[in-house]
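Work through these exercises with the sequence and the 3D view side by side. Try each task before you read its solution.

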Amino acid sequence: MRRNDREIRDFHEILEIIRRCRVCHVAFHSDGEYPYAVPMNFGFSEKNGQVTLYFHGADSGRKHELLHKNNKVSFVMEDAHEIVTGPQVGACECTMEFESVMGTGEMDYVAEEEKEAALCALLKQYGVEEGKADYHFHHEVVPRVAVLRLRANSLTAKRRKVGLP
């Protein structure tokens, strides 16, 4: 990381940033010249320091084709976007406040018996939980949904706030 002064090292603080994020961009190895990046809704779990991200969607398409060839992916998610202008931000008088989490990992498919728990993690990411008024879950469609799991093997996080270097 070029700007070590912006690095977030506290694991619990990184988890809090992940909780605030709404979209995770996943980059797959492509069979062409460029990587294939996809913005996706996500959920996550953490157990004993292992962060696992969950994604859902159709069970066919380019990301699935690429995943079958190479399951190593990278990802990025960000939060707290706000443009700030004025002399307090430095020479160009314009910057962006942000928090981001990036990482790498291996992606695979969630087993049928684990799909509902993974889908509930996705709902929880967006504030929808069992027992709340907006909770709505069709158990009968679960077998028709592909649920992907990304076990992160590296995580880095960064923050830029005005007034900090």
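The exercises below concern a predicted model.

**Exercise 1. The core**

Task: Find which residues of the largest nonpolar core touch the most other members, and which elements give two or more residues to this core.

Solution:
- Step 1. Start with the core itself. It has 27 residues.
- Step 2. Pick out the residues that touch the most other members. They are Ile18, Val26, Leu53, Phe55, Phe75, Met77 and Met107.
- Step 3. Add the elements that give two or more residues. The helices are H1 (11–20) and H2 (62–69). The strands are E1 (24–28), E2 (36–40), E4 (50–57), E5 (72–85), E6 (94–109) and E7 (146–160).
- Step 4. Look at Met77. Beyond its neighbours within four places in sequence, Met77 contacts Ile18, Cys21, Val23, Cys24, Phe42, Leu53, Glu99, Ser100 and Val101.
- Step 5. Now turn to a second, separate core. It has 10 residues, among them Ala118, Leu119, Leu122 and Phe137.

**Exercise 2. Strand E1**

Task: Decide which side chains of E1 are buried, and identify the strands that pair with E1.

Solution:
- Step 1. Follow the side chains along E1. They alternate between two faces.
- Step 2. Sort them. Cys24, Val26 and Phe28 share one face and are buried. His25 and Ala27 point to the other face and are not buried.
- Step 3. Go to E2. It runs antiparallel to E1, and five bridges join the two. Phe28 stands opposite Tyr36 of E2.
- Step 4. Go to E5. Its pairing with E1 is also antiparallel, over five bridges. Here His25 stands opposite Val76.

**Exercise 3. Two helices, two sides each**

Task: Show where the buried residues lie around H2 and around H3.

Solution:
- Step 1. Recall the helix rule. An α-helix has 3.6 residues a turn, so residues three or four places apart point the same way.
- Step 2. List the buried residues of H2: Lys63, His64, Leu66 and Leu67.
- Step 3. Look down the axis. The buried residues of H2 fit within an arc of 165°, so they line one face of the helix.
- Step 4. Check the other side of H2. Glu65, His68 and Lys69 are exposed there.
- Step 5. Repeat for H3 (residues 115–125). Lys115, Ala118, Leu119, Ala121, Leu122 and Gln125 are buried. Their arc is only 150°, which puts them on the same side of H3.
- Step 6. Check the other side of H3. Ala117 and Lys124 are exposed there.
- Step 7. Ask what covers the buried residues of H3. The cover includes H1, E3 (43–47), E4 and E7.
- Step 8. Step past the end of H3. Just after it, Gly127 has a positive phi of about 80°.

**Exercise 4. Strand E4 and its partners**

Task: Describe how E4 pairs with E3 and with E7.

Solution:
- Step 1. Take E3. It pairs with E4 in the antiparallel sense, over five bridges. Lys47 stands opposite Gln50 of E4.
- Step 2. Inspect the hairpin of E3 and E4. Two residues lie between the strands, and Asn48 takes a positive phi near 55°.
- Step 3. Take E7. Six bridges join it to E4, and the two run antiparallel. Tyr54 has Arg149 in E7 as its bridge partner.

**Exercise 5. A buried lysine**

Task: Which side chain of opposite charge is nearest to Lys63, and how far away is it?

Solution:
- Step 1. Place the residue. Lys63 is in H2, and it is buried.
- Step 2. Find the nearest side chain of opposite charge. It is Asp59, 9.8 Å away.
- Step 3. Apply the cut-off. A salt bridge needs the charged atoms within 4 Å. Lys63 has no salt bridge.
- Step 4. List the contacts. Leaving aside neighbours within four places in sequence, Lys63 touches Phe28, Tyr36, Met40 and Leu148.

Notes. Residues are numbered from 1 along each chain as its sequence is written. This is a predicted model: local features need pLDDT of at least 70, side-chain atom pairs count only at pLDDT 80 or more; totals for chains, interfaces and linings use all residues. Side-chain values use heavy atoms; hydrogens and water are left out. A nonpolar core is a set of buried Ala, Val, Leu, Ile, Met, Phe, Trp, Tyr and Cys residues joined through side-chain atoms within 4.5 Å. Buried means under 20% relative accessible area, exposed over 50%, partly exposed in between (1.4 Å probe, protein chains only). Helices (H or I, at least four residues) and strands (E, at least two) are DSSP runs, numbered from the N terminus. Contact means heavy atoms within 4.5 Å. Two strands pair if DSSP finds at least two bridges between them. The arc is that of the directions from the helix axis to the C-beta atoms. Lys and Arg count as positive and Asp and Glu as negative; His and the chain ends are not counted.
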